[in-house]
Amino acid sequence: MHDDDDGSTPPRPPDERAAELLRRGGEVEVPPPPHVWEAVRQALGRPGVVSLADRRRRRWVGPVQLLAAAAAGALVTWAGVEVVGREAPPELLASGDLQALAAGAPDGRAEVVTVSGHQRLRVELTERPDPQDGYLEVWLLRPDVSGMVTLGVLDAETGEFALPDGLDLGEYPVVDISREHMDGDPGHGGDSLVRGQVG
């Protein structure tokens with residue numbers, strides 16, 4: 001049985017013909033969303049069009065050919081949007097447990113991941129430490145505390161911070177969360193609440 005509507009067989013419903021054409025394209029792991037199907041269905045209602053590819057004669061393009069083109073175009077557009085919209089999943093580079101250094105401070109965990117080519121530190125604590133009259137700041141330290149890099153302020157139990165480009169995580173593997181005071185001093189105030197090493 002041919003799909004072309006030559007008058008010898010009654011045309012099949014649009015949904016049935018659309019489904020058959022899409023099945024011919026092979027297995028689709030993620031089904032197209034409803035708007036893709038709607039575009040295919042709308043194409044069925046359009047009149048036949050004339051192709052200009054052959055200037056010596058006018059060739060009729062029937063409903064089945066039009067449906068195939070519409071289905072292919074809709075699926076290619078949908079698949080392209082799906083691929084472009086997806087980002088590579090984060091890659092775990094290092095992780096470690098965080099331990100309380102002060103009474104009442106929580107434990108937690110830290111991970112360093114790569115997101116879209118950039119390294120980020122993710123911190124998750126069992127609860128947010130009390131900043132008292134100050135704020136909580138996240139640092140990366142050398143193991144001997146001879147150098148440190150500030151990453152930002154932690155204002156919840158969890159936080160995610162961009163690592164400076166070019167930072168050697170092997171040189172600064174210690175995650176430190178300190179309580180800082182509004183004293184105008186940008187340096188570490190020495191009041192560490194939580195600390196741990198990622199690797």
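**Exercise 1. Surroundings of Ala 100**

Determine which residues Ala 100 touches in this predicted model, leaving aside residues up to four places away in sequence.

*Solution.*
Step 1. With those sequence neighbours excluded, the residues touched by Ala 100 are Ala 105, Pro 106, Asp 107 and Leu 193.
Step 2. Consider Leu 193 from this list. Along the sequence, Ala 100 and Leu 193 are 93 residues apart, yet their C-alpha atoms are 6.0 Å apart in space.
Step 3. Place Ala 100 in the secondary structure: the residue belongs to strand β3, which covers residues 91–100.
Step 4. Classify the exposure of Ala 100. The relative accessible area is 32%. Buried requires a value under 20% and exposed a value over 50%, so Ala 100 is partly exposed.

**Exercise 2. Partners of Ser 95**

Identify the side chain with which the side chain of Ser 95 makes a polar contact, and list the residues that Ser 95 touches.

*Solution.*
Step 1. Ser 95 is located in strand β3.
Step 2. The polar contact joins the side chain of Ser 95 to the side chain of Arg 109, at 3.0 Å.
Step 3. Residues up to four places away in sequence are again set aside. Ser 95 then touches Arg 109, Ala 110 and Glu 111, together with Gln 197, Val 198 and Gly 199.

**Exercise 3. Pairing of β3 with β10**

In what sense do β3 and β10 pair, and over how many bridges?

*Solution.*
Step 1. Strand β10 spans residues 192–197.
Step 2. The pairing of β3 with β10 is antiparallel and comprises two bridges.
Step 3. As a point of register, Gln 99 faces Arg 195 of β10 in the pairing, standing opposite that residue.

**Exercise 4. Order of the sheet**

Establish the strand order of the open sheet and name its edge strands.

*Solution.*
Step 1. The open sheet consists of eight strands in the order β7-β6-β9-β10-β3-β4-β5-β8, with antiparallel pairing.
Step 2. Its edge strands, each pairing on one side only, are β7 (148–154) and β8 (158–162).
Step 3. On average, neighbouring strands of the sheet are turned by 25 degrees against each other, with direction ignored.

**Exercise 5. Bridges made by β9**

How many bridges join β9 to β6, and how many are found between β9 and β10?

*Solution.*
Step 1. Strand β6 (residues 135–141) and strand β9 (residues 174–180) run antiparallel and are joined by seven bridges.
Step 2. Within this pairing, Leu 141 stands opposite Val 174 of β9.
Step 3. The pairing between β9 and β10, likewise antiparallel, extends over five bridges.
Step 4. Here Ile 177 is the residue opposite Val 194 of β10.

Terms used. Residues numbered from 1 in each chain as written. Predicted model: local features only at pLDDT ≥ 70, side-chain atom pairs only at ≥ 80, totals over all residues. Heavy atoms only, no water. Helix = DSSP H or I, 4+ residues; strand = E, 2+ residues; numbered from the N terminus. Buried < 20%, exposed > 50% of the residue type's maximum accessible area, 1.4 Å probe, protein only. Contact = heavy atoms within 4.5 Å. Pairing = 2+ DSSP bridges. Axes fitted to C-alpha atoms, helices over the stretch in contact; angles between N-to-C directions. Polar contact = N/O pair within 3.5 Å; in protein donor to acceptor, adjacent residues only side chain to side chain.
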